[in-house]
Amino acid sequence: MWLGGVVSQSGDHPLAWRVWTIPNLVTMIRLCGIPVFCYLLLATDEVVAAVIVLAVGGGTDWVDGFLARRLRQESRFGQLLDPLVDRLYILVAIAVLTLVQLVPWQFTAVLLAREAVMLVVLLILRSRGFAPFEVHYTGKTATFIVFMSFPVLVLAGLYEPAAGWALPLGWALAWWGIVLYWLSAAIYVGQAVILLRRRSQVVA
């Protein structure tokens, strides 16, 4: 989720810029899992290991945020790094799965189109002096579901004994996640439009 529910003027960040915190360390470990997943899936026959790495990396998306709030170690660096790692996980995973023909290009196009829409919204807000929105729960839920669909689809495509149950489950999660993904995008775009209209009214 590049964007979420509340915006502030750029430069107005009440949180300290702290890098070396426990939540940020968890996020960095998740980041290291991306090349490990790619190596296991593309350069070895360790399909189950690749599935585990992808599932853990995506499934622990909520852990860093939970620890930040619980330990009171929220930071501006963490706010920026966490969604960036989420995006990298999704984009790298979908690219690899498309490359090995475990997902069709049409599904990839739908997902990438959503990312393009959010990027345009982010750039427009930045150009008007606004910082990114905070993460919205709809987008967070959508990301988690999409995350969970990827290891199941890998298992279905490369581990034949699991195909019977993993294929329908994987695609159910994938399309459910995509619908929520676009729903969250519609929410963000609506919020951005309202915000920009208010700004234009104040200027006028």
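Arginine 87 is buried, at just 1% relative accessible area; buried here means under 20%, exposed means over 50%, and partly exposed is what lies in between (1.4 Å probe, protein chains only). Keep in mind that this is a predicted model, where local features need pLDDT of at least 70 and side-chain atom pairs count only at pLDDT 80 or more, while totals for chains, interfaces and linings use all residues. Residues are numbered from 1 along each chain as its sequence is written, and side-chain values use heavy atoms, leaving out hydrogens and water.

So what does arginine 87 pair with? Its salt-bridge partner is glutamate 115, which is buried too, at 8%. A salt bridge, by the way, puts a side-chain nitrogen of Lys or Arg within 4 Å of a carboxyl oxygen of Asp or Glu.

The whole structure has 6 salt bridges, among them these:

| Salt bridge | Closest N and O atoms |
|---|---|
| Arginine 87 and glutamate 115 | 3.0 Å |
| Aspartate 82 and lysine 140 | 3.1 Å |
| Lysine 140 and aspartate 86 | 3.6 Å |

Lysine 140 turns up twice, pairing with aspartate 82 and with aspartate 86. The latter pair ties together distant parts of the chain, with lysine 140 in helix 6 and aspartate 86 in helix 4, 54 residues apart. Helices are DSSP runs (H or I, at least four residues), numbered from the N terminus. Aspartate 86 is buried at 0% and aspartate 82 at 11%, whereas lysine 140 is partly exposed at 21%. Along with Arg30, Asp82, Asp86 and Lys140 make up a network of salt bridges.

Key:
Helices (H or I, at least four residues) and strands (E, at least two) are DSSP runs, numbered from the N terminus.
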